[in-house]
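Biologist: Could you take me on a close look at one part of this protein, the helix packing and the aromatic residues around it? I would like one connected walk, with the rest of the fold brought in where it helps.

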Amino acid sequence: MGSTIPRARVEDDVPRLEPMLDLEWSRAIDLPQTALAATTPAELRRAWVHRAPEDSVLALFRASSGMTGPIPAPWWLRAVADGTLDSREQGFRVEDRIAQLLGRRPGWEFVPWAADGESGYWEFMPSERGKSGHAIPTTVMNTDRHTGWIDVLPAHTGRTPNPIAVAGLAGLRSRLGEFEAVR
């Protein structure tokens with residue numbers, strides 16, 4: 001008959017704990033509840049990915065995305081990791097310039113509750129439920145899919161249309177009349 005008392009642990013039996021990258025990444029992009037009241041992208045920059053040293057953010061992003069494929073992340077981080085954007089600060093400047101342009105125009109509202117890790121987006125409220133009857137307003141968002149960094153989703157109802165690639169802030173400024181014409 002054997003003893004019911006377990007044997008004492010020896011140094012080699014100590015469990016090894018390793019950080020779970022998914023959890024670590026989730027905490028890295030997590031925003032405080034107060035950020036949900038943000039009126040500009042700058043007011044959303046409260047997560048670790050916005051404040052930590054850029055090389056640490058990039059290293060964790062690469063390690064995390066290498067294990068499970070695409071992970072939630074700000075558009076600018078995906079662009080920096082791909083080598084198409086020079087820095088996080090450059091991405092912040094793109095967001096801030098859009099905020100300066102749209103924040104002064106009537107009808108545009110910043111929406112801070114975008115997908116996990118994203119930087120929010122802008123909606124043209126007069127394009128929703130106006131004469132055109134669209135359920136979803138014209139939306140301006142940042143993207144890493146091209147180096148103009150700006151996509152516009154036209155106001156629509158039903159199936160989401162393909163985004164319109166806009167050639168940077170100058171392209172957005174020159175096409176605002178077209179985008180704001182849908183009401």
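Modeller: Happy to. Let's start at a ring with a charge above it: the charged end of arginine 45 sits over the ring of phenylalanine 92, 4.2 Å from the ring centre. Please keep in mind throughout that this is a predicted model.

Phenylalanine 92 also takes part in a helix contact: Trp75, Trp76 and Val80 of H5 meet a set of H6 residues made up of Arg88, Gly91, Phe92, Val94 and Glu95. The axes of H5 and H6 are 9 Å apart, and the two helices pack at an angle of about 140°. Angles over 145 degrees would count as roughly antiparallel, so H5 and H6 are described as oblique to each other. Their crossing is right-handed.

H5 itself, residues 75-82, is mostly covered, with six of its eight residues buried. Those buried residues are Trp75, Trp76, Leu77, Ala79, Val80 and Ala81. Trp75, Trp76 and Val80 therefore appear twice in this picture, as buried residues and as the H5 side of the contact with H6. After H5 comes glycine 83, with a positive phi near 85°.

Now follow H6 to its other partner. H6 covers residues 88-103 and H7 covers residues 168-180; their axes come within 10 Å and cross at roughly 15°. An angle under 35 degrees counts as roughly parallel, and H6 and H7 are therefore given that description. This crossing, too, is right-handed. On the H6 side the contact is made by Arg97, Ile98, Leu101 and Leu102, and on the H7 side by Leu169, Leu172, Arg173 and Leu176.

It helps to place these helices in the whole chain. The protein chain has seven helices and five strands. Read from the N terminus, the order of elements is α-α-α-α-α-α-β-β-β-β-β-α. Of the 183 residues, 39% count as buried. Among contacts with a separation of 6 or more, 43% are between residues 24 or more positions apart.

Back to the aromatic residues, then. The structure holds five aromatic pairs. One of them joins tryptophan 25 and phenylalanine 61, a tilted pair with 5.6 Å centre to centre and 55° between the planes. Tryptophan 25 belongs to helix H1 (residues 21-29) and phenylalanine 61 to helix H4 (residues 54-68), so this pair ties together parts that are 36 residues apart in sequence. Tryptophan 25 and phenylalanine 61 are both buried.

Another tilted pair is formed by tryptophan 108 and phenylalanine 124, with 5.1 Å centre to centre and 45° between the planes. Here the pair links distant parts of the chain, 16 residues apart: tryptophan 108 is in strand E1 (residues 108-111) and phenylalanine 124 in strand E2 (residues 121-124). Tryptophan 108 and phenylalanine 124 are both buried.

Beside that pair in the sequence is glutamate 109, also found in strand E1. With a relative accessibility of 46%, glutamate 109 counts as partly exposed. Glutamate 109 is 15 residues from phenylalanine 124 in sequence, yet the two are 6.5 Å apart in space, C-alpha to C-alpha. Setting aside neighbours within four places in sequence, glutamate 109 is in contact with Tyr121, Trp122, Glu123 and Met125.

Both members of the E1-E2 pair lead us on to threonine 138, which lies in strand E3 (residues 138-142). Leaving out residues up to four places away in sequence, threonine 138 touches Trp108 and Phe124, along with Trp122, Glu123, Ser127, Val152, Leu153, Pro154, Ala155 and Phe179. Threonine 138 has a relative accessible area of 1% and is buried. Its contact with Phe179 also brings us back to H7, since that helix spans residues 168-180.

One last stop is the loop between E3 and strand E4 (150-153), where tryptophan 149 is placed. Most residues other than glycine have a negative phi. Tryptophan 149, however, has a positive phi, near 65°. At 8% relative accessibility, tryptophan 149 counts as buried.

Note on methods. Residues are numbered from 1 along each chain as its sequence is written. This is a predicted model: local features need pLDDT of at least 70, side-chain atom pairs count only at pLDDT 80 or more; totals for chains, interfaces and linings use all residues. Side-chain values use heavy atoms; hydrogens and water are left out. Rings of Phe, Tyr and Trp (its six-membered ring) pair if their centres lie within 6.5 Å; planes under 30 degrees apart count as stacked, over 60 as edge-to-face and the rest as tilted. Helices (H or I, at least four residues) and strands (E, at least two) are DSSP runs, numbered from the N terminus. Buried means under 20% relative accessible area, exposed over 50%, partly exposed in between (1.4 Å probe, protein chains only). A charge sits over a ring if NZ of Lys or CZ of Arg is within 6 Å of the ring centre and within 35 degrees of the ring normal. Axes are lines fitted to C-alpha atoms, for helices over the stretch in contact, and angles run from 0 to 180 degrees between N-to-C directions. Angles under 35 degrees count as roughly parallel, over 145 as roughly antiparallel, 65 to 115 as roughly perpendicular and the rest as oblique. A crossing is left-handed if the near helix is turned anticlockwise from the far one by less than a right angle, and right-handed if clockwise. Contact means heavy atoms within 4.5 Å.
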